[in-house]
Amino acid sequence: DPGLPATPRTLPAVDEGIVTLTATSEAGESPTPLQLRVANLPNTLEQEPNNAREEGTAATVPGAFEGILTEPGDIDHFKFTASKDQEFEVQLWGRTLGSPIDGVVRVRKADGGVIAGNDDAAGLDSKMNVKIPEDGEYFLEVHDHLRRGGAAFAYRVEVASQTPSLELRLDAA
């Protein structure tokens, strides 16, 4: 409730992950917890206007890009500089954290050509690996798959350096 006074909260000591907080006041405890994504990346908040590539909010990689698709048809752009052969894991956090966004993410060259794009590879959210083809300026674009928007359509896109990993699963027969 925006009418209630703000209450400072201390986040648990977590290097990376999803933290769940519940708002409390004299009136009681919120029935719906708030989920936050925690990662050791610098944050860049979108700056309007940024619907066109040329208006993209300046950001750095690796980093986290955050914003809200405030109205139907809203498209957010972030611009960053990268070097040839840099490899990044790009992941949108939205529905996983309770946002109604059905986020689509694209990485584009300065001329608009798409290097990579994704919708829903991480279950409800987008995730992809990107290899930068040449030194230069690039753009990350975020929009809702159905072109919806509103005050609740918040997202966070993490652009992290790729690190080698191995996952092993054993299915019980």
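Start with the charges: the mean positions of the 15 positive and 29 negative charges of the protein are 5 Å apart. What you have open is a predicted model, so let's walk through it one selection at a time.

**The whole chain**

Show the cartoon first. You will find zero helices and 14 strands, and from the N terminus on the elements run β-β-β-β-β-β-β-β-β-β-β-β-β-β. Turn the model along its principal axes, and the C-alpha atoms fill a box of roughly 55 × 50 × 30 Å. Now switch on the surface: about 10,300 Å² is exposed, with carbon and sulfur atoms supplying 51% of it. Of the 173 residues, 37% count as buried. How much of the contact map comes from residues 24 or more positions apart? Among contacts with a separation of 6 or more, such residues account for 63%.

**R37 and E158**

Next, select R37 and E158 and show their side chains. The two form a salt bridge, with the closest N and O atoms 2.7 Å apart. R37 sits in strand β4 (residues 34-38) and E158 in strand β14 (residues 154-161), so this pair links distant parts of the chain, 121 residues apart. Are these two residues buried or exposed? Both R37 and E158 are buried.

**R156 and E66**

Stay on strand β14 and add R156, which lies in that strand. The side chain of R156 meets that of E66 in a salt bridge, at 2.4 Å from N to O. E66 belongs to strand β7 (residues 63-68), so the pair ties together parts that are 90 residues apart in sequence. R156 counts as buried because its relative accessibility is 7%, below the 20% cut-off for that class.

Now add E16 to the selection and keep everything from the last two stops. E16, R37, E66, R156 and E158 are linked in a network of salt bridges.

**R148 and D144**

For another salt bridge, select R148 and D144, whose side chains meet at 3.1 Å, N to O. Which partner is buried and which is partly exposed? D144 counts as buried, because its relative accessibility is 0%, while R148, at 31%, counts as partly exposed. The count for the protein comes to eight salt bridges.

**E89**

Move on to E89, which you will find in strand β9 (residues 87-93). With a relative accessibility of 31%, E89 counts as partly exposed. Which residues does E89 touch, leaving aside its neighbours within four places in sequence? Select K127, M128, N129, E158, V159, A160 and Q162, and you have its contacts. E158 is a familiar name here, as the salt-bridge partner of R37. Try a distance label too: E89 and E167 are 78 residues apart in sequence, and their C-alpha atoms are 16 Å apart in space.

**The negative patch**

For the last stop, bring the surface back and select E48, E54, E55 and E71. These four gather in a patch of negative charge on the surface. Zoom in on E48, which lies in the loop between β5 (43-45) and β6 (57-58). Why does E48 count as partly exposed? Its relative accessible area is 46%, and the partly exposed class falls between 20% and 50%.

Notes:
Residues are numbered from 1 along each chain as its sequence is written. This is a predicted model: local features need pLDDT of at least 70, side-chain atom pairs count only at pLDDT 80 or more; totals for chains, interfaces and linings use all residues. Side-chain values use heavy atoms; hydrogens and water are left out. Patches are made of residues with over 30% relative accessible area and no salt bridge: like charges are joined within 9 Å, nonpolar side chains (Val, Leu, Ile, Met, Phe, Trp, Tyr) within 5 Å. Accessible areas come from the Shrake-Rupley method with a 1.4 Å probe; for residues, only the protein chains shown count as cover. Lys and Arg count as positive and Asp and Glu as negative; His and the chain ends are not counted. The place of a charge is taken as NZ of Lys, CZ of Arg, CG of Asp or CD of Glu. Helices (H or I, at least four residues) and strands (E, at least two) are DSSP runs, numbered from the N terminus. Buried means under 20% relative accessible area, exposed over 50%, partly exposed in between (1.4 Å probe, protein chains only). Contact means heavy atoms within 4.5 Å.
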